[in-house]
Amino acid sequence: MNIVITKKAFDWYKRELGLKPGDAIRFFARYGGCSTVQKGFSLGMVKDEPAGEPAAQTTVDGVTFFVEDSDQWYFDGRDLTIDLDEKGDEPIFLLQ
């Protein structure tokens, strides 16, 4: 599994969460919401630190984005791309 975050999405997270080098964002499966991958679940995110070796991670300008091994099932073997819906000014998650 790979994580890709576009520049526009990174800039949104940096602005909205006040991220600075050394910070980390964890993406996780949460109960409820809509998903085209896992019925009854959606993708959540929180400012957090990895508990161990993440299942996937990427670092942009010193900020780490990651998925813990315990949440890897949600992605069903797919890669995660995070982009920005400019019209709605919010991140969108693409699983490929």
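**Exercise 1. Work out what share of the chain's residues is buried, and what its surface is like.**

Start with the count: in this predicted model, buried residues make up 39% of the 96 residues in the chain. Next, turn to the outside. The accessible surface comes to about 5,600 Å², and carbon and sulfur atoms own 47% of that area.

**Exercise 2. Lay out the secondary structure along the sequence and look at the contacts.**

Step one is the tally: one helix and seven strands. Step two is the order, which reads β-α-β-β-β-β-β-β. Step three is the contacts: of those with a separation of 6 or more, 53% are between residues 24 or more positions apart.

**Exercise 3. Classify the ring pair Phe10 and Phe65, and say which parts of the chain the pair ties together.**

The chain has eight aromatic pairs in total. For Phe10 and Phe65, the ring centres are 6.2 Å apart, which passes the cut-off of 6.5 Å. The planes sit at 75°, so you call this one edge-to-face. Now place the residues: Phe10 belongs to helix 1 (residues 7-17) and Phe65 to strand 5 (residues 63-67), so the pair links parts 55 residues apart in sequence. Both Phe10 and Phe65 are buried. To finish, widen the view: Phe10 and Phe65 sit in one aromatic cluster with Trp12, Tyr13, Phe27 and Phe93.

**Exercise 4. Do the same for Trp73 and Tyr74, then decide for each residue: buried, partly exposed or exposed?**

Geometry goes first. The centres of the Trp73 and Tyr74 rings are 6.1 Å apart and the planes are at 80°, so this pair is edge-to-face. Then check the cover. Trp73 has 40% relative accessibility, so it's partly exposed. Tyr74 has 4%, so it falls under the 20% cut-off and is buried.

**Exercise 5. Find out how enclosed strand 5 is, and how it pairs with strand 4.**

Take the burial residue by residue. On one side of strand 5 you have Val63, Phe65 and Val67, on the other Thr64 and Phe66, and all are buried. That's five of five, so strand 5 is largely enclosed by the rest of the structure.

On to the pairing. Strand 4 (residues 56-60) and strand 5 run antiparallel, joined by five bridges. For a specific register, pick Gln57: its bridge partner in strand 5 is Phe66. Last comes the turn. The hairpin of strand 4 and strand 5 has two residues between the strands, and Asp61 takes a positive phi near 45° there.

Notes: Residues numbered from 1 in each chain as written. Predicted model: local features only at pLDDT ≥ 70, side-chain atom pairs only at ≥ 80, totals over all residues. Heavy atoms only, no water. Helix = DSSP H or I, 4+ residues; strand = E, 2+ residues; numbered from the N terminus. Buried < 20%, exposed > 50% of the residue type's maximum accessible area, 1.4 Å probe, protein only. Contact = heavy atoms within 4.5 Å. Areas by Shrake-Rupley, 256 points an atom, 1.4 Å probe, with all protein chains shown as cover. Phe/Tyr/Trp six-rings, centres within 6.5 Å; stacked < 30°, edge-to-face > 60°. Pairing = 2+ DSSP bridges.
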